[in-house]
Amino acid sequence: MSTLQERLNKLKGVSTVSLPPQLEGKVTRMVGLTMEAVGCIVALGDRCSVQVGKNRWVESEVVGFTGDLTYLMPTEAIDGISPGARVRPLLEDSRMPVGDELLGRVVNGLGKPLDGKGPIKTKDSVSLHGEVINPLQRKPISEPLDVGIKAINSLLTVGKGQRLGLFAGSGVGKSILLGMMTRFTEADITVVGLIGERGREVKEFIDQILGEEGLSRSVVVASPADDSALMRLRAAMLATRIAEYYRDQGKSVLLLMDSLTRYAQAQREIALSVGEPPATKGYPPSVFSKLPQLVERAGNGREDGGSITAFYTVLTEGDDQQDPIADASRAILDGHIVLSRRLAEEGHYPAIDIEASISRAMPQIVSEDHLYGAMRVKQLYSKFQQNQDLISVGAYAKGSDPDLDQAIIQMPEIRSFLQQSLSESFTIDQSLEALVTAMTKG
């Protein structure tokens with residue numbers, strides 16, 4: 001019989017597993033949304049697992065530090081946490097599932113399914129933070145994208161790889177317009193990010209506005225308003241990362257994010273909770289640096305890659321177009337579509353204010369005749385709006401202004417042209433035909 005030492009020597013050559021000791025910290029303070037921990041050797045952006053109760057662990061992220069204190073933000077509710085709770089750094093990188101298996105599915109900010117259709121098993125996974133493309137290596141915006149909305153196709157033509165803002169107050173039809181574009185846009189894949197919306201609106205958007213047809217070629221990333229601020233941030237980043245994955249495969253991707261304002265508000269919650277001072281109307285400076293970091297990830301890829309055409313909704317509180325987030329968004333986007341409450345109250349849908357809206361890429365992707373026709377419609381529409389009070393009270397004398405005379409004649413046709421029902425879809429060619437018809441009638 002072999003001795004114990006001989007047996008140990010034999011096993012020593014077989015065993016190759018070497019587990020490094022894991023250093024844990026503990027929670028010392030919990031204030032508002034933020035946990036303070038000591039004893040953790042982690043870096044900004046690292047993930048940790050915090051013990052809540054006896055057998056429950058909640059993922060959190062390092063959002064700041066001061067001296068020996070580390071600030072952690074949880075991804076979900078942490079009711080039941082106690083002083084001295086264990087904090088365990090997660091050594092593995094955060095990987096998110098991606099692939100065609102995501103089509104038709106609804107996931108949260110961690111990539112976990114919300115639709116009750118079972119687990120999602122994908123072949124590929126990617127880091128949450130995508131590669132930054134050199135701007136000089138991106139394809140220029142050179143061809144139009146058909147979104148199925150005739151007012152946009154003809155007057156605010158969108159290019160593949162363009163990033164636009166959809167500016168609207170509450171209740172003027174932005175979600176309905178997003179749903180129409182999801183169903184009608186000629187894109188290989190649609191990625192929808194529902195950030196900070198009410199839970200009821202999330203289900204209504206998926207079931208009623210998106211529908212089975214729209215969902216079948218879409219990926220929905222949802223983080224309702226009752227999710228943590230960190231989860232809302234991650235959902236926006238995940239939606240963008242999924243779109244980047246498909247773009248890198250050479251596909252044309254439509255990214256719809258509702259809303260960019262909720263993303264900014266989530267970052268404000270995190271920044272204020274770790275002590276960052278407010279700057280502009282309660283928004284800390286980090287909010288305005290996070291916006292371009294998210295938006296610039298969309299757009300065209302390299303010459304041999306695909307494209308991400310992105311629409312970001314921006315909430316204008318009280319219809320104030322000078323809101324800090326609205327103002328910052330206009331500066332970093334390639335155009336903006338403004339929805340008017342006045343038009344919505346008149347039953348004019350989609351309630352697009354063509355005077356206040358612009359597509360910065362349109363001059364490079366349409367013909368001169370198309371551009372001239374769109375400008376002429378805007379001129380007549382604007383001329384009529386400026387003189388509407390005079391016309392209404394009968395104070396305008398016909399013949400005083402030839403342009404206004406034409407605007408009065410054409411206005412019924414122009415208004416009819418700008419309206420569209422929820423089930424109607426117009427290609428770019430059909431939109432231009434309708435535009436020509438509206439300008440020649442009357």
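1. A good place to start is the pair formed by helix H13 (residues 402-418) and helix H14 (residues 428-440), whose axes lie 8 Å apart and meet at an angle of about 160 degrees. Angles over 145 degrees count as roughly antiparallel, and therefore H13 is roughly antiparallel to H14. Please keep in mind as you look around that this is a predicted model.

2. The crossing of H13 past H14 is right-handed. On the H13 side, the contact is made by Gln410, Glu413, Ile414 and Phe417, while H14 brings Ser431, Ala434, Leu435, Ala438, Met439 and Thr440. Sorted by class, the residues where H13 touches H14 are six nonpolar, three polar and one charged.

3. H13 has another partner: helix H11 (residues 368-386), with axes that come within 8 Å and cross at roughly 110 degrees. Because angles of 65 to 115 degrees count as roughly perpendicular, H11 is roughly perpendicular to H13. From H11, the residues in contact are Arg376, Val377, Leu380, Tyr381, Lys383, Phe384 and Gln385. H13 answers with Asp403, Leu404, Gln406, Ala407, Ile408, Gln410, Met411, Ile414, Arg415 and Leu418. This contact of H11 with H13 divides into ten nonpolar, three polar and four charged residues. If you are following individual side chains, Gln410 and Ile414 are worth finding: both take part in the contact with H11 and also in the one with H14.

4. Next, turn to helices H6 and H7, whose axes come within 9 Å and cross at roughly 135 degrees. H6 and H7 are therefore oblique to each other, and their crossing is right-handed. H6 contributes Leu260, Tyr263, Ala264, Gln267, Arg268 and Ala271 to the contact, and H7 contributes Ser286, Val287, Lys290, Leu291, Leu294 and Val295. Of the residues where H6 meets H7, eight are nonpolar, two polar and two charged.

5. H6 and H7 turn up again at the largest pocket. Helix H6 (260-273) and helix H7 (285-295), along with strand E4 (56-66) and helix H5 (229-248), each supply at least two residues of its lining. The space in this largest pocket comes to about 840 Å³.

6. Which residues lie nearest the centre of the largest pocket? They are Leu44, Gly45, Glu61, His129 and Met237, out of 37 residues that line the pocket. By class, the lining of the largest pocket is made up of 18 nonpolar, eight polar and eleven charged residues.

7. Two peptide bonds deserve a look of their own. One is the cis bond joining aspartate 258 and serine 259, with omega of about 15 degrees. Serine 259 sits in the loop between strand E15 (252-258) and H6, so you can find this bond while you are still looking at the helix pair of point 4.

8. The other is a cis peptide bond between tyrosine 349 and proline 350, where omega is about -10 degrees. To find proline 350, look in the loop between helix H9 (341-345) and strand E19 (358-359).

Conventions
Residues are numbered from 1 along each chain as its sequence is written. This is a predicted model: local features need pLDDT of at least 70, side-chain atom pairs count only at pLDDT 80 or more; totals for chains, interfaces and linings use all residues. Side-chain values use heavy atoms; hydrogens and water are left out. Axes are lines fitted to C-alpha atoms, for helices over the stretch in contact, and angles run from 0 to 180 degrees between N-to-C directions. Helices (H or I, at least four residues) and strands (E, at least two) are DSSP runs, numbered from the N terminus. Angles under 35 degrees count as roughly parallel, over 145 as roughly antiparallel, 65 to 115 as roughly perpendicular and the rest as oblique. A crossing is left-handed if the near helix is turned anticlockwise from the far one by less than a right angle, and right-handed if clockwise. Contact means heavy atoms within 4.5 Å. Ala, Val, Leu, Ile, Met, Phe, Trp, Tyr, Cys and Pro count as nonpolar, Asp, Glu, Lys and Arg as charged, and the others, Gly among them, as polar. On a 1 Å grid over the protein atoms alone, a cavity is a set of points where a 1.4 Å probe fits but cannot get out, and a pocket is an open set with protein on both sides within 12 Å along at least five of seven lines; lining residues have an atom within 4 Å of a point. Grid points are joined across faces, edges and corners, and a volume is the space filled by probe spheres set on the points.
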